[in-house]
Amino acid sequence: MRSKLFVPASRPELYAKALAGQADSLSFDLEDSVAADRKDEARQQLAQWLASPEAQATEKTLIVRVNAMDTPYFLADVQAVARPGLHMLNLPKAEDVEQIREAARVLAEAESANGVTRPIRLLLNIESPRALRCAADLAAADSRVAGLQLGLGDLFEPLGIARREPSAVKQAMFSLRLAAGEAGVFAYDSAFADIRDAEGFQAEAELARRLGFLGKSCIHPSQVALANTAFRPSDEEIAHAVRVVEAARDADARGVGAYVVDGKMIDPPFVRRAEAIVETAKRSGLLPS
């Protein structure tokens, strides 16, 4: 999931175009991009499209950002979009453990009502100082939580912190990455609002990759290729990862816990990283599936 393209749910004419694009995942938004008087219409349009053959057949990861739990739209959002084929529900303004558990309960009820057999995961938006401080606890609140997503604009703006301040960006990203690691979920990078600044987007995406993030949010199709490039493992990384995975299988068969590959000591954390690189390479067409 190197790239995640934002698609306003109120723009159904963009659905097929986004599906045909190069983004690894699509995030359909029912929250900020949809005016209050269009919430019902957008929700119905999106639910209908999620049930379509095109949506059901895609290999892309499909995500829906619903409205926050303290709004009058949350329950109807979940009941409408929790359909077979949806992979994740993106929950904004996540701040409380009990809130996450309640969201998971509501989601389970909607799945049961809509005939969903594969559990839909939760992607939590971390958008406030409290949420960032408690991020590991939020991620561990329910087994449905798959990842944490950083919202730098919402996090920084109320505090008067410049969105592009390098030290603040890196500190917030590092803190989120550690929280995600503690909870055993993935970390996903924030959106970058200046679509004209390709160099700025690329630099932030490359920083995110060095910090172990899974991918970066894209608010415009022009950013997708930049994210895919930034999170593409190099040929050398792929080759090393393949050797590590193969060595791990051999070591497991022989009951060996630690071993050397390419002059480097390998143990379980390195194996998990290698497996992730191999999976990314397969999804990118760089290795056979």
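This is a short tour of two pockets in the structure you have open. Keep in mind as you go that the model is predicted.

**Stop one: the largest pocket**

Start by selecting Phe186, Leu214, Arg273, Ala276 and Thr280, the lining residues that lie nearest the centre of the largest pocket. With those in view, you can widen the selection to the full lining, which has 27 residues. Strand 6 (145–150), helix 9 (166–183) and helix 13 (268–283) are the elements that each give two or more residues to this lining. Which of them should you colour first? Try helix 13, since the largest share of the lining, six residues, comes from there. The volume of this pocket is about 870 Å³. Now colour the lining by residue class: you should find 12 nonpolar, eight charged and seven polar residues.

**Stop two: the second largest pocket**

Next, select Arg65, Asp154, Ser190, Ala191 and Ile219, which lie nearest the centre of the second largest pocket. Its volume is about 500 Å³, and 26 residues line it. To see where the lining comes from, show strand 1 (3–8), strand 2 (25–29), strand 6, helix 8 (152–156) and strand 8 (216–218), each supplying at least two residues. Pause on helix 8: the largest share here, three residues, is from that helix. How does this lining divide by class? Colouring it gives 10 charged, eight polar and eight nonpolar residues.

**Last stop: strand 6**

Finally, select strand 6 by itself. Strand 6 gives two or more residues to the lining of the largest pocket, and it also supplies at least two residues to the lining of the second largest pocket.

Definitions and conventions
Residues are numbered from 1 along each chain as its sequence is written. This is a predicted model: local features need pLDDT of at least 70, side-chain atom pairs count only at pLDDT 80 or more; totals for chains, interfaces and linings use all residues. Side-chain values use heavy atoms; hydrogens and water are left out. On a 1 Å grid over the protein atoms alone, a cavity is a set of points where a 1.4 Å probe fits but cannot get out, and a pocket is an open set with protein on both sides within 12 Å along at least five of seven lines; lining residues have an atom within 4 Å of a point. Grid points are joined across faces, edges and corners, and a volume is the space filled by probe spheres set on the points. Helices (H or I, at least four residues) and strands (E, at least two) are DSSP runs, numbered from the N terminus. Ala, Val, Leu, Ile, Met, Phe, Trp, Tyr, Cys and Pro count as nonpolar, Asp, Glu, Lys and Arg as charged, and the others, Gly among them, as polar.
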